[in-house]
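Please look over the sequence and the structure shown here before reading the report.

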Amino acid sequence: MNLHTTPHNSRANRGTRRLAALAAVAAMVVAGVQAGSAVASPGGDDARTAAAPSAAAALGVNPSAQRATAIKSAQAGASSAAKALKLGGQEKLIARDVIKDAKGTVHTRYERTYDGLPVLGGDLVTHTAADGTLKSVDKATKAKIAVASTTPKLKAAASARKVIYAADGNPVLAWETVRKGVQKDGTPSRVHTITDATTGEKLHSYEAIETGTGTSQYSGEVELTTTKTDSGFELTDGERGGHKTYDLNQGSSGTGDLVTDDDDAWGDGTGADRQTAAVDAHYGAAKTWDFYKTALGRDGIAGDGKAAYSRVHYGENYVNAFWDDSCFCMTYGDGEGNQNALTSIDVAAHEMTHGLTSATANLDYAGESGGLNEATSDILGASVEFFADNASDAGDYLIGEKIDINGDGTPLRYMDKPSKDGSSADFWDENLGDIDVHYSSGVANHFFYLLAEGSGKKTINGVDYDSATSDGSTLTGIGREKAYQIWYKALSVYMTSTTDYAGARVATEKAATDLFGADSEELKAVSATWTGVNVK
């Protein structure tokens, strides 16, 4: 036993050493990201590239090669970062993403393990200033990660994964099982269930297949990036990470056949031609990639420059589309009668954005975080539709407006007044987390519409809107570009897997402060708009 004490063991100096450790980690990471990075230059001078350059730059840009180097550097310093954050000796950090913004702040996203076991709900993001000072940390849980034993008292199926479940703030040893099957509408099912390994109590359950809806055959004649082969052409986009589009031939597994053509003239605009669905899916994926690159400075869904892939003609009469993390792909059904594939611009963007969310905040697909997950896909899906500036499918704040799923010409969801669909919520209340995520998303969709466009009656691209607030306040919108910049910034560097609506308010306020300043009208608008949808 050493009873000798020295000044460097004082509380103040221990804090200084912790900051120094984080500063060293930050310095390593910054070395992996080129200084002075700026967003990709806008490709045109119309409304779709109207975002202020300074605001766009503040989102942070990590080209794929720089991102890989930065993550490697962050991982090299993960042990020092864990000690600096005063994590327990059995805990380790795994670097998932690194973003350096225009102010030099480095946002590093980590997953956490405990005694070698993954900690579900243990993710965190550190925010380190350019001088190495730790500004703040956002954690999915504030609880100390510790369990009495990592030896389970109850047995589980051979395929079960042993984990620490901490998302509810009470870390316990648990089993995670995955049950595969098919949902009632034909969508694949991959249900994750978390069970207490000591008591057998069911702790949490969620569906990993994330679904969305839309329409197709409305984009008109479009340009496609294809690849020439010895025998003709194939739907491989070499300019956007190698995105490929496959025909499942009404199957429900695998990739089917890569779509090919003899003369590079694809589809005829009708469901009778099998290429038409592939054209729409390929085009929608390209427009989403371009939006991520131009408007958000992001190099692909995962930020690594690699494309997902699309599968069309899934199943028989399948009226849906979905994203699956396990294949990193989007899949589209053909609708009733296999004649109206769900492959419009906003659907492609919606599905790809589920992948984006998984690669960033990884919002749990249940409860309020699940609603935020779905809303993120609607928000950026609508934003991509505006960005595409396609006269055949003009941008709007309606979701699934052309699929006619209700049989009366009405859209599936409304962002200006979500309750018009008969199920979605306009405003937050304490029961919001108990409803389906496609309906709890209404509050965030409403927030985005109000933030972008303001309250009251207006007509945009020929569509009439009328949006009200919960408290009767009048709101003036800040514009769609600023609104999606704020949402993306919040998603990519401040939200975590357990973020709820109250947390989303905090995250977007932080994002608005970063982008536009602590005294900005944009920050005031974000706060007032959340209050307007009863998130206080």
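The report below deals with the nonpolar cores, one helix and two loop residues.

## Basis of the description

This is a predicted model, in which local features need pLDDT of at least 70 and side-chain atom pairs count only at pLDDT 80 or more, while totals for chains, interfaces and linings use all residues. Residues are numbered from 1 along each chain as its sequence is written, and side-chain values use heavy atoms, with hydrogens and water left out.

## Nonpolar cores

The largest nonpolar core (buried Ala, Val, Leu, Ile, Met, Phe, Trp, Tyr and Cys residues joined through side-chain atoms within 4.5 Å) has 83 residues, and those with the most contacts inside it are Phe291, Tyr397, Met495 and Trp530. Its largest share, 10 residues, comes from helix 5, residues 274-296. Buried here means under 20% relative accessible area, exposed over 50%, and partly exposed in between, with a 1.4 Å probe and protein chains only.

A second, separate core of 14 residues includes Ala78, Leu85, Leu93 and Tyr110.

## Helix 5

Helices (H or I, at least four residues) and strands (E, at least two) are DSSP runs, numbered from the N terminus. Of the 23 residues in helix 5, 21 are buried, and the helix is thus mostly covered. Just after helix 5, Gly297 takes a positive phi of about 70 degrees.

## Two loop residues with positive phi

Most residues other than glycine have a negative phi. Asp115, in the loop between strand 2 (106-114) and strand 3 (117-120), has a positive phi near 55 degrees, and Asp115 counts as partly exposed at 42% relative accessibility.

Asn338 lies in the loop between strand 19 (329-333) and helix 6 (345-359); Asn338 also has a positive phi, of about 55 degrees, but is buried, with a relative accessible area of 18%.
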